[in-house]
Amino acid sequence: MTTKDLHFELSGTEQEVAVIRLTRGAKRNALNDGLILSLRHVFETLPPGVRAAVIDGEGEHFCAGLDLSELQERDAGQGLHHSRMWHAALERVQYGPVPVIAALHGAVVGGGLELASACHIRVADDSTFYALPEGSRGIFVGGGGSVRIPRLIGTARMTDMMLTGRVYNAQDGERIGLAQYLVPQGTAFEKALALAKRIATNAPLTNYALTHVLPRIAEQPADQGFMTEAMMAAIAQSAPEAKERVRAFLEGRAGKVQKSS
Ligand code: 1HE
């Protein structure tokens with residue numbers, strides 16, 4: 001699955017975590033068509049034992065967004081299909097088989113932020129900065145950003161980022177909800193990997209409920225959401241694994257919830 005611009009490897013004692021690294025550092029991991037198709041392919045063909053994934057980028061920056069050198073050649077129809085190609089690929093990230101954690105550093109801009117926002121958890125280090133330069137390039141987001149980013153930070157903030165070219169630093173990015181974790185420079189990957197290993201120990205059906213069902217409930221009217229929740233709760237608790245995990249707690253064999261330090 002490794003290509004010139006994308007490295008794939010398995011990590012963890014049981015090879016349960018997929019590590020997917022953008023390796024186009026010389027171009028700041030700008031996403032050309034080949035890289036988008038490779039990302040899609042990776043998420044469509046994850047080995048069955050994989051329970052969580054981490055995406056990061058080689059070099060000083062996570063991702064500089066769309067490869068602008070490819071943009072010049074497209075007419076309107078091709079632009080439409082190009083955007084739909086991104087949608088299909090990032091849909092495989094968001095609604096693929098496993099939770100995905102983005103390890104962010106340096107530039108997370110344009111399509112790079114669209115990729116990060118398709119992941120389920122974002123861990124940023126102190127060097128991270130976020131921007132949507134599409135506004136100043138005379139274009140628009142095309143990788144699902146107009147749908148996903150307002151759900152993270154609100155429509156007003158995204159509008160401001162695109163109208164004014166506003167750049168958020170790592171601290172403000174975490175404050176407004178672009179990242180759920182903020183860690184010292186150089187440690188985002190380590191933290192993301194630790195989270196992925198922890199997530200991989202959850203019951204797979206619970207992870208599926210969180211990545212596939214919860215976002216759909218969030219889009220439903222409350223009345224329908226309550227019903228979907230009840231259905232999912234019933235399915236999850238009926239799994240033999242759930243019964244064993246609850247029994248383990250009741251018999252004192254499972255960990256308690258601990259106050260964080
Ligand atoms: C690129 C790209 C790119 C760098 N497409 N080649 N994204 C942007 O508008 C962001 C454009 N990039 C930047 O603002 C900067 O490159 C960075 C802040 C990310 C990094 O700066 P720096 O000083 O470390 O690198 P650099 O010298 O600007 O770039 C190094 C090389 O990468 C250089 O190529 P070289 O052949 O001269 O060495 C750059 O041309 C190249 N490079 N970014 C192509 N984006 C689904 S729609 C999504 C719409 C968008 O994403 S629009 C936003 C695009």
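This passage walks through the ligand site of a predicted model and then two pairs of packed helices.

The ligand makes a good starting point. In this model, 22 residues surround the ligand, and the closest are Lys27, Ala64, Leu66, Gly111 and Arg137. By character, the shell around the ligand comprises 10 nonpolar, six polar and six charged residues. Several polar atoms of the protein can be placed relative to those of the ligand. A polar backbone atom of Leu68 is 2.9 Å from a nitrogen atom of the ligand. On the oxygen side, a side-chain N or O atom of His61 lies 3.1 Å from an oxygen atom of the ligand, and a backbone N or O atom of Ala26 is 3.5 Å from an oxygen atom of the ligand. Taken on its own, the ligand has 1000 Å² of accessible area, of which the protein covers 66%. Three elements each give two or more residues to the shell: strand 5 (107-109), helix 4 (111-118) and helix 5 (134-137).

His61 deserves a second look. This residue sits in the loop between strand 3 (52-57) and helix 2 (68-71). Besides the ligand contact, a polar atom of the His61 side chain lies 2.9 Å from the backbone nitrogen of Ala107. Leaving aside residues up to four places away in sequence, His61 touches Arg28, Asn29, His105, Gly106, Ala107 and Phe129.

Attention now turns to the helices. Two packed helices are described by the angle between their axes and the distance between the axes. For helix 6 (residues 145-153) and helix 7 (residues 155-164), the axes come within 7 Å and cross at roughly 120°. Angles of 65 to 115 degrees count as roughly perpendicular and those over 145 as roughly antiparallel, so helix 6 and helix 7 are oblique to each other. Helix 6 contributes Gly145, Ser146, Ile149, Pro150 and Ile153 to the contact, while helix 7 contributes Thr155, Arg157, Met158 and Met161. Of the residues in this contact, five are nonpolar, three polar and one charged.

The second pair is formed by helix 11 (residues 222-238) and helix 12 (residues 240-250), whose axes come within 5 Å and cross at roughly 75°. Helix 11 and helix 12 are therefore roughly perpendicular to each other. Their contact joins Ala236, Gln237 and Ser238 of helix 11 with Pro240, Ala242 and Lys243 of helix 12. Here the residues divide into three nonpolar, two polar and one charged.

Note on methods
Residues are numbered from 1 along each chain as its sequence is written. This is a predicted model: local features need pLDDT of at least 70, side-chain atom pairs count only at pLDDT 80 or more; totals for chains, interfaces and linings use all residues. Side-chain values use heavy atoms; hydrogens and water are left out. Axes are lines fitted to C-alpha atoms, for helices over the stretch in contact, and angles run from 0 to 180 degrees between N-to-C directions. Helices (H or I, at least four residues) and strands (E, at least two) are DSSP runs, numbered from the N terminus. Angles under 35 degrees count as roughly parallel, over 145 as roughly antiparallel, 65 to 115 as roughly perpendicular and the rest as oblique. Contact means heavy atoms within 4.5 Å. Ala, Val, Leu, Ile, Met, Phe, Trp, Tyr, Cys and Pro count as nonpolar, Asp, Glu, Lys and Arg as charged, and the others, Gly among them, as polar. A residue is near a molecule or strand if one of its heavy atoms lies within 4 Å of it. A polar contact is a pair of N or O atoms within 3.5 Å; within protein, one must be able to donate a hydrogen and the other to accept it, and residues adjacent in sequence count only if both atoms are side-chain atoms. Accessible areas come from the Shrake-Rupley method with a 1.4 Å probe; for residues, only the protein chains shown count as cover.
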